[in-house]
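Trainee: Could you walk me through one part of this protein up close? I'd like to learn how to read it piece by piece.

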Amino acid sequence: MEHRAHPLVMATPGCHRQIDSEHYGPVGQGRKVYIQAALHADEIPAMLVATRLRKHLIELEKANRLQHEIVLVAVANPAGLGQFIMGASSGRFELGSGRNYNRNFPVPHREIAQSVEGALTHDASANLTLIRNAWLKSLSEWQPADEYASIQRTLMLLAHDADIVLDLHCSREAAMHLYTGEDVWEEVEPLSRYLGAEVSLLANDSQGYSFDEALCLLWSHLRSHFGARFPIPNGSVAVTIEHRGQRDVSYEIAEQDATAILDYLVHRGAIAGVANPLPPLRNPATPLAGSEQFYAPSAGILVHRVPAGRRVQAGDELFDIVDPLTGDVLTLTSKTSGVLYMRREIRFVRPGDPLGRVSGAVPIRTGKLLGA
Ligand SMILES: [Zn+2]
């Protein structure tokens with residue numbers, strides 16, 4: 001294992017932070033897997049999975065089974081991890097600016113298209129290298145204005161040339177689910193099976209530009225740009241994995257999830273060995289645009305009527321909002337048949353607060369598909 005430290009732009013004088021990356025297997029020899037945890041820094045189940053992965057990677061490296069370089073970043077956001085408000089951790093948004101740490105990663109497809117146009121050929125693998133080099137140049141020239149931007153730049157520099165990128169997160173109260181691009185779903189499907197994901201949400205461009213989306217979307221945009229003129233492969237198969245809810249922190253679950261990820265890497269040939277048989281896909285993938293999002297119409301006590309992970313039918317009652325002054329109950333029902341894959345962890349809501357989401361097979365939303 002090779003350890004590397006990546007200093008971040010100082011937020012305030014004397015505040016030196018860095019991102020630590022661990023590089024296992026054949027470093028810098030071409031094939032690469034990149035795994036990071038807790039870009040949203042208060043998503044601790046992801047971090048525990050990273051510790052289990054480390055344990056296995058050390059053993060696999062000793063046994064000479066790593067065919068590809070595997071990069072592990074167990075703390076992707078040390079700045080967010082240091083944020084607390086009156087004892088409660090708050091790692092999703094940069095508190096100084098309100099920016100979500102997992103939004104608006106740059107997708108410099110126009111700049112890259114311009115710089116590689118004259119050099120592309122009919123050799124898809126040569127085009128892949130050419131585009132990755134152009135992306136590296138673009139990232140290297142990026143002068144991050146602040147700590148937030150330097151986190152984004154550091155993580156993109158580590159991941160942009162990886163064949164597989166796994167971004168480990170969790171939701172509030174949730175079943176195992178994942179987000180990825182439509183263009184790479186076929187390659188992600190075995191991962192969904194190994195993880196036992198209840199829901200796999202697909203969108204090429206949600207307009208949120210999360211980390212996994214930026215890594216896939218650049219290649220999708222370049223394919224659209226060049227059309228039939230030049231073959232452009234999927235540079236990265238990038239996925240956001242939601243390791244259930246924020247309180248689902250246990251050795252048993254973390255080990256189960258780490259094992260599923262390693263099964264997938266064996267299946268993909270990044271780790272030598274015989275892959276475990278693929279379990280069945282629990283549910284077909286659904287469009288992210290098909291997810292129904294529920295919001296509180298009024299203030300009150302939120303009483304969840306359905307546990308996270310439960311399959312629901314249109315018309316099922318999902319949430320009650322109880323007015324504490326009158327006892328009146330307002331019940332929200334699902335318009336969609338699918339899985340209630342996440343719900344909020346709070347128990348008192350104000351008008352407009354999000355409550356939860358149900359997956360659906362038919363697109364019903366347009367515009368920005370990812371929430372704040
Ligand atoms: Zn997250």
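Trainee: In which sense do strand 15 (residues 311–312) and strand 18 pair, and over how many bridges? Please take a close look at strand 18 and then show me what else there is to see.

Mentor: Sure! Keep in mind that we're looking at a predicted model. Strand 15 and strand 18 pair in the antiparallel sense, over two bridges. To spot the place, look for Val-312, which stands opposite Gly-338 in strand 18.

Strand 18 has other partners too. Strand 8 (residues 173–174) pairs with strand 18 in the antiparallel sense, again over two bridges. Here you'll find Glu-173 opposite Arg-343 in strand 18. Then there's strand 20 (residues 354–358), which is joined to strand 18 by three bridges, also antiparallel. In that pairing, Arg-343 stands opposite Gly-356 in strand 20. So how enclosed is strand 18 (residues 338–343)? Six of its six residues are buried, so the strand is largely enclosed by the rest of the structure. Buried here means under 20% relative accessible area.

Let's step back for a moment. The protein chain has eight helices and 20 strands. Its radius of gyration is 21 Å, close to the 21 Å the globule rule gives for 372 residues, so the chain is as compact as a globular protein of that length. Buried residues account for 53% of those 372 residues.

Now for another set of strands. Nine of them form an open sheet in the order 1-2-4-3-7-11-9-10-12, with mixed pairing. Its edges are strand 1 (2–7) and strand 12 (286–287), each of which pairs on one side only. Strand 12 runs parallel to strand 10 (residues 199–202), and two bridges join them. If you want a landmark, Leu-201 stands opposite Thr-286 in strand 12.

Next, the zinc ion. Its protein donors are His-40 (ND1), Glu-43 (OE), Glu-43 (OE) and His-169 (ND1), at 2.1 to 2.5 Å from the ion. Along the sequence, the donor residues follow the spacing H-x2-E-x125-H. The angles between the four donor atoms span 54 to 141°, which makes the arrangement irregular. Two of the donor residues are worth checking for burial: His-40 has 3% relative accessibility and counts as buried, and Glu-43, at 4%, is buried as well.

Finally, the aromatic rings. There are five aromatic pairs in the structure. In one of them, Phe-105 and Phe-211 have ring centres 5.2 Å apart and planes at 65°, so this pair is edge-to-face. Phe-105 sits in the loop between strand 6 (88–89) and helix 3 (109–116), while Phe-211 belongs to helix 7 (residues 211–226), so the pair ties together parts that are 106 residues apart in sequence. Phe-105 is buried at 2% relative accessibility, and Phe-211 is buried at 0%.

Another pair is Phe-294 and Phe-319, with centres 5.5 Å apart and planes at 55°, so that one is tilted. Phe-294 is in strand 13 (residues 292–295) and Phe-319 in strand 16 (residues 317–322), so this pair ties together parts 25 residues apart in sequence. Both of these residues, Phe-294 and Phe-319, are buried. Going back to Phe-105 and Phe-211, ring pairs link them with Tyr-34 into a cluster. One more ring to look up is Tyr-148: Arg-99 lies over its face, 4.1 Å from the ring centre.

How values were computed
Residues are numbered from 1 along each chain as its sequence is written. This is a predicted model: local features need pLDDT of at least 70, side-chain atom pairs count only at pLDDT 80 or more; totals for chains, interfaces and linings use all residues. Side-chain values use heavy atoms; hydrogens and water are left out. Donors are N, O and S atoms within 2.8 Å of the metal (3.2 Å for Na, K and Ca); water is not among the atoms, so sites may look incomplete. Four donors count as tetrahedral if all angles lie between 85 and 135 degrees; four count as square planar and six as octahedral if opposite donors are over 155 degrees apart and all others between 65 and 115; anything else is irregular. Buried means under 20% relative accessible area, exposed over 50%, partly exposed in between (1.4 Å probe, protein chains only). Rings of Phe, Tyr and Trp (its six-membered ring) pair if their centres lie within 6.5 Å; planes under 30 degrees apart count as stacked, over 60 as edge-to-face and the rest as tilted. Helices (H or I, at least four residues) and strands (E, at least two) are DSSP runs, numbered from the N terminus. A charge sits over a ring if NZ of Lys or CZ of Arg is within 6 Å of the ring centre and within 35 degrees of the ring normal. Two strands pair if DSSP finds at least two bridges between them. The radius of gyration is taken over C-alpha atoms; the globule rule is 2.2 Å times the number of residues to the power 0.38.
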